[in-house]
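Me: I have a structure to read and I am not sure where to begin. Could we go through its features one at a time, with the general idea before each case?

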Amino acid sequence: MPSVNMLEAKSSLSRLVEALEQGQEREFVIARHGRPAARLVPLEALAAGTRLGVAKGLFEVPDDIDAHNDEVANLFLAGRQR
């Protein structure tokens with residue numbers, strides 16, 4: 001996976017996107033100060049990796065799931081000064 005610095009990515013974004021669209025590259029890593037900061041990938045790759053709803057249908061949420069929210073909130077807030 002090719003890496004490009006931030007300035008190069010800004011000045012050649014159209015070329016990078018075109019390379020992704022044409023399948024010449026699968027992704028680009030954009031680096032800031034020599035360190036990877038972001039990945040540029042085609043939308044299809046992003047959609048394929050999406051895992052929303054991965055547990056759908058595997059368990060049932062009880063009707064009283066929120067019954068203890070106040071108690072839990074008090075436990076978290078107990079250490080704070082008011």
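**Reading one feature at a time**

Me: D66 is found in the loop between α3 (43–49) and α4 (69–77), but how do I read such labels, and how many helices and strands does the protein chain have?

Reply: Helices (H or I, at least four residues) and strands (E, at least two) are DSSP runs, numbered from the N terminus. Here the secondary structure comes to four helices and three strands, and read along the sequence the protein chain follows the pattern β-α-α-β-β-α-α. Keep in mind that this is a predicted model, in which local features need pLDDT of at least 70 and side-chain atom pairs count only at pLDDT 80 or more, while totals for chains, interfaces and linings use all residues. Residues are numbered from 1 along each chain as its sequence is written, and side-chain values use heavy atoms, with hydrogens and water left out.

Me: Is D66, then, buried or exposed?

Reply: The words follow the relative accessible area, where buried means under 20%, exposed over 50%, and partly exposed in between (1.4 Å probe, protein chains only). D66 has a relative accessible area of 54%, so this residue counts as exposed. L58 is found in the loop between α3 and α4 as well, and at 67% relative accessibility L58 also counts as exposed. Over the protein chain, which has 82 residues, 16% count as buried.

Me: Where is L43 placed, and what is its relative accessible area?

Reply: L43 has its place in helix α3, and with a relative accessible area of 65% this leucine is exposed. You can also follow the path of the chain from here, since the C-alpha atoms of L43 and L20 are separated by 9.6 Å, although the two residues are 23 residues apart along the chain.

Me: How many salt bridges does the structure hold, and how should I read one?

Reply: Side chains of opposite charge can pair when their charged atoms come close. The cut-off for a salt bridge is a side-chain nitrogen of Lys or Arg within 4 Å of a carboxyl oxygen of Asp or Glu. The structure holds two of them, and one joins the side chains of E8 and R15 at 3.4 Å, N to O. E8 is partly exposed at 32% relative accessibility, and R15 is partly exposed too, with a relative accessible area of 46%.

Me: With which residue does E27 form a salt bridge, and which parts does that pair tie together?

Reply: E27 pairs with R39, and the closest N and O atoms are 2.9 Å apart. Because E27 lies in the loop between α2 and β2 while R39 lies in strand β3, the pair ties together parts that are twelve residues apart in sequence. To find these pieces, look for α2 at 13–21 and β2 at 28–32. The two partners also differ in cover, for E27 counts as buried at 14% relative accessibility, whereas R39 counts as exposed at 58%.

Me: What is the phi of H33, and where is its place?

Reply: Most residues other than glycine have a negative phi. H33 is a case to look at carefully, with a positive phi of about 55 degrees although this residue is not a glycine. You will find H33 in the loop between β2 and β3 (35–40), where it is exposed, with a relative accessible area of 78%.
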